[in-house]
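Colleague: I'm new to this one, so could you pick a single part and walk me closely through it? Please link it to its surroundings as you go.

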Amino acid sequence: MARLLEHQGKDIFKKNGIPIPKGKVAKSPQEAKQIAEEFEVPVVIKAQVLMGQRGKHGGIKLAKTPAEAEQAAREILTMKIENIPVQSVLVEEMLDIKKEIYMGVTTSGITRAPVALFSVSGGMDIEEVGAMHPEKIFSKDISISRGFFEFDARNLLRKVEGLSGNDINAYSQVISRLYQVYRKNDCKLVEINPLAVTPKGVIAADARIDIDDDAIFRHPELGIEISEEAGAREPTPLELAAGQIDKNDHRGSAHFVQIDPDGSYAQKIGKISIGYDCVGTGCAITLFDEIYPLGYYPVDFCDTSGNPTSLKMYAATKIVFSQPEIKGYLMVTGMAAQQLDNTARGIIKALKELYPKTGGKPNIPCLLCFRGRSDEVAVNLFKEHGISDSPFFKVLGRNNTEKSAADEFDRLYKKWKKETGGI
Ligand code: GDP
Ligand code: MN
């Protein structure tokens, strides 16, 4: 699902006649200050990230003066919300909010059609309202062939207690326009939470728009290159380097992704960070099942399969070992058809370059397990190069399982920790 940032959503609202506050995007505290000066009114500074509940995370701040706006923007722009760095803020004129209304059009999984939603309990987490007080959410299924008109919205709102005629007129105009936004842009969800009721009328204080992935190609005007999810992050330098390996040589794959780039997740759950490389994703999963209960967490996912050349293995191995927080390395193959001797040659070349002083013996415990074509040759190569002489380096052969490889690694790690104190 391609979710738009709040300011992108608000641009679309504006084009469709839904009132939005005056606002501009800033990427630096200075820019935020200039915008506040230009507006000459108190402003709100809002983190532009693809997740909700920014308010609760401190991503929304009020500023009465340009100096306060600068300070608030500085705080928000150095903040991470659910681990995602904030790269821009929306600076908006502050609204005098008297009431917060929720409204949305979403796609119902039951009818596989749009449904309009309305609640006077806006501003809050609407899922929570729905769970605790389903009676506070009013909905109307929509048929796309018939459409959804202002009078349909008025009929829906007449069921809501305590709304005046003026309220009903104002809200129904916005909901029916929200439905136009939903249809025109092939949305899965459009949401205003809250629609601010102010002395100057109703204004969309927030905007959430999710576009159907399969329809993105129909909307070049939205400028969506890839569909972004909440949690999307930039590729890391190591991932970018790994991306080049496949570009330079099509043979085999070197698929490398960092699961826990700074090792903070492993730390949080009390596991030991390890570098990980498997031949075959099935092997990676099975090995994970064995290694995780023993107290280890792979901070990367790496699959070097499809018969990569030695050179490719060499480059991929250097990348896996370049993760600073790893306290061990596991390289296991499934029963592989690929030339495992080449795989071994690439790893050996990388280790010799990474650890020149010890002739390629790493300073962390390493367990490798070769199963498949030329596996014996692979095991022997490590002996020939003297690398498996290290007490903390072990190469296993065909008669092993993911379970025995994981157990062997655990023994190696404990021995290493006891004898060297670890790193
Ligand atoms: P979300 O937390 O990510 O959903 O961000 P919202 O844009 O919905 O803002 C959260 C809350 O901040 C709103 O429910 C309002 O209570 C408050 N807020 C946002 N903009 C304004 C504003 O212009 N004036 C005032 N007084 N409050 C605002
Ligand atoms: Mn909101």
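Modeller: Let's begin at Ser 374, in the loop between strand S19 (366–369) and helix H12 (375–384). Please keep in mind that this is a predicted model. Ser 374 is not a glycine, yet its phi is positive, at about 60 degrees. With a relative accessible area of 24%, Ser 374 is partly exposed.

Strand S19 runs over residues 366–369, which brings us to a cysteine. Cys 369 is buried, with a relative accessible area of 0%. What is the closest cysteine sulfur to that of Cys 369? It belongs to Cys 283 and is 7.8 Å away, too far for a bond. In fact, the structure holds zero disulfides. Cys 278 is in no disulfide either, and its nearest cysteine sulfur, again that of Cys 283, is 4.2 Å away. Cys 278 is buried too, with a relative accessible area of 0%.

Another residue worth a visit is Lys 312, in helix H10 (residues 310–321). Is Lys 312 buried or exposed? Lys 312 is buried, with a relative accessible area of 3%. A polar atom of its side chain lies 2.9 Å from the backbone oxygen of Arg 251.

To see the wider layout, turn to the domains. The domain assignment gives domain 1 (22–93), domain 2 (99–215) and domain 3 (236–420). Taken over C-alpha atoms, the centres of domain 1 and domain 3 are separated by 44 Å.

Now for the ligands. The manganese ion, ligand 2, has Asn 193 (O) and Asp 206 (OD) as its protein donors, lying 2.2 Å from it. Asn 193 sits in strand S11 (residues 187–198), whereas Asp 206 is in the loop between strand S12 (201–204) and strand S13 (208–211), so this pair ties together parts 13 residues apart in sequence. Asn 193 is buried, with a relative accessible area of 13%. The next residue deserves a glance as well: a cis peptide bond joins Asn 193 and Pro 194, with omega about 10 degrees. Pro 194 also lies in strand S11.

Asn 193 leads us on to ligand 1, which 16 residues surround; the closest are Lys 46, Arg 54, Leu 95, Glu 100 and Asn 193. Lys 46 places a polar side-chain atom 2.6 Å from an oxygen atom of ligand 1. Glu 100 also has a polar side-chain atom 2.6 Å from an oxygen atom of ligand 1. For Asp 206, the distance from a polar side-chain atom to an oxygen atom of ligand 1 is 3.0 Å. Taken alone, ligand 1 exposes 560 Å², and the protein buries 80% of that. Asp 206 therefore appears twice on our tour, as a donor to the manganese ion and beside ligand 1.

One last stop recalls where we started. Arg 112 has a positive phi of about 50 degrees, although it is not a glycine. Arg 112 is found in the loop between strand S8 (99–108) and S9, and at 73% relative accessibility it counts as exposed. Strand S9 (residues 113–119) includes Pro 114, which counts as buried at 3% relative accessibility. Pro 114 and Lys 98 are 16 residues apart in sequence, and their C-alpha atoms are 29 Å apart in space.

Conventions
Residues are numbered from 1 along each chain as its sequence is written. Chains are lettered from A and ligands numbered from 1 in the order in which they are written. This is a predicted model: local features need pLDDT of at least 70, side-chain atom pairs count only at pLDDT 80 or more; totals for chains, interfaces and linings use all residues. Side-chain values use heavy atoms; hydrogens and water are left out. Domain bounds come from an automatic or database domain assignment. Donors are N, O and S atoms within 2.8 Å of the metal (3.2 Å for Na, K and Ca); water is not among the atoms, so sites may look incomplete. Helices (H or I, at least four residues) and strands (E, at least two) are DSSP runs, numbered from the N terminus. Buried means under 20% relative accessible area, exposed over 50%, partly exposed in between (1.4 Å probe, protein chains only). A disulfide is a pair of cysteine sulfur atoms within 2.5 Å. A residue is near a molecule or strand if one of its heavy atoms lies within 4 Å of it. A polar contact is a pair of N or O atoms within 3.5 Å; within protein, one must be able to donate a hydrogen and the other to accept it, and residues adjacent in sequence count only if both atoms are side-chain atoms. Accessible areas come from the Shrake-Rupley method with a 1.4 Å probe; for residues, only the protein chains shown count as cover.
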